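Trainee: Could you take a close look at one part of this model with me? I'd like to follow a single residue and see where the trail leads.

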Amino acid sequence: HGIAVDPEGKIWFQPYDLAAESVLVASTGLYRKTRAVYVWKPDGTPASFSPIKTVTVSGTTDTLINPGLGLRADANGNIVVATTSTYYRVNYKTGAGMNKVTVSPTGSVIQPGFDSFNEMFTGYVLDGAGPIKIYDGNFTFLGNVVDTSRGFARSMEVSADGNDVYFAGFTNSYVTRYHSDNGSLGPYSKVDTILKGYSVESITR
């Protein structure tokens with residue numbers, strides 16, 4: 001359900017559904033399937049840390065068992081993995097976890113966008129499920145672009161300066177552009193719709 005390319009040319013791939021990879025659950029002694037992230041080097045061979053079945057951030061290890069909802073390389077080339085309500089930032093060189101944030105209200109999130117300041121812009125899959133949110137490079141919440149997004153969506157993007165946010169609500173049959181003269185400081189307002197007539201399910205800058 002997601003694909004990204006890092007600065008070394010490695011390809012990162014994320015299934016939506018359960019993968020063949022499993023982890024041992026200590027409490028039960030049984031194996032549980034995961035939604036692992038796969039990483040291939042430019043020559044087609046797996047990266048040394050692939051597949052990624054767990055992510056550890058600040059001493060807490062999470063198993064990737066929730067549906068994969070999108071990948072994006074951030075402004076530094078590290079890979080951000082979307083799973084249900086949680087985003088993980090993974091070091092593109094080592095596969096190690098760096099940051100984690102669970103958005104509120106909880107719900108299915110979409111492939112985020114990043115400006116050149118490594119600020120993350122993200123929304124929800126479901127129409128009207130919640131706001132389009134902004135987080136800084138450490139996943140600290142900064143504010144909302146808009147309090148409620150409209151249209152079912154899988155992806156969104158933002159301009160390098162953070163002034164223009166593009167929300168690809170595919171059921172709208174257009175992409176909504178929000179503009180702020182002050183970047184992530186806001187306020188943003190809806191100024192345009194583009195690609196009218198297209199059901200846009202993915203978008204990239």
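Trainee: Let's start with Glu157: is it buried or exposed, and what is its relative accessible area?

Mentor: Quick housekeeping before we dive in. You're looking at a predicted model, where local features need pLDDT of at least 70 and side-chain atom pairs count only at pLDDT 80 or more, while totals for chains, interfaces and linings use all residues. Residues are numbered from 1 along each chain as its sequence is written, and side-chain values use heavy atoms, with hydrogens and water left out.

Now, your residue. Glu157 is buried, because its relative accessible area is just 6%; buried means under 20%, exposed means over 50%, and partly exposed is in between (1.4 Å probe, protein chains only). Who is its partner? Arg72, whose side chain meets that of Glu157 in a salt bridge, 3.3 Å from N to O. That term means a side-chain nitrogen of Lys or Arg within 4 Å of a carboxyl oxygen of Asp or Glu. Arg72 is buried too, since its relative accessible area is 7%. Arg72 sits in strand β8 (residues 68-73) and Glu157 in strand β16 (residues 153-158), so their pairing ties together parts that are 85 residues apart in sequence. Strands here are DSSP runs of E, at least two residues long, numbered from the N terminus.

Other salt bridges link up: Asp6, Glu8 and Lys10 are joined into one network by bridges that share partners. Zoom in on Glu8 and Lys10, and you'll find their side chains meeting at 2.6 Å, N to O. Here the two ends differ in how covered they are: Lys10 counts as buried because its relative accessibility is 4%, whereas Glu8, at 41%, counts as partly exposed.

You get a similar mix with Arg35 and Asp17, whose side chains form a salt bridge at 3.6 Å, N to O. Arg35 belongs to the loop between β4 (30-33) and β5, and Asp17 to the loop between β2 and β3 (22-25), so this bridge ties together parts 18 residues apart in sequence. Arg35 counts as buried at 14%, while Asp17 is partly exposed at 48%. The structure holds 8 salt bridges, and we've now visited a few of them.

Acidic side chains can do other things as well, so let's stop at Asp62. You'll find Asp62 in strand β7 (residues 60-63), and its 15% relative accessibility is why it counts as buried. Its side chain makes a polar contact with the side chain of Tyr88, at 2.7 Å. That's a pair of N or O atoms within 3.5 Å; within protein, one must be able to donate a hydrogen and the other to accept it, and residues adjacent in sequence count only if both atoms are side-chain atoms. Leaving aside neighbours within four places in sequence, Asp62 is in contact (heavy atoms within 4.5 Å) with Lys53, Thr54, Val55, Tyr88 and Lys100. Meanwhile, the C-alpha atoms of Asp62 and Gly97 are 9.9 Å apart in space, with their positions 35 residues apart in sequence.

Last stop: Ser50, in the loop between β5 (38-40) and β6 (54-57). Ser50 counts as buried because its relative accessibility is 18%. A polar atom of its side chain lies 2.9 Å from the backbone nitrogen of Val39. Once neighbours within four places in sequence are set aside, Ser50 is in contact with Val37, Tyr38 and Val39.

Methods
Helices (H or I, at least four residues) and strands (E, at least two) are DSSP runs, numbered from the N terminus.
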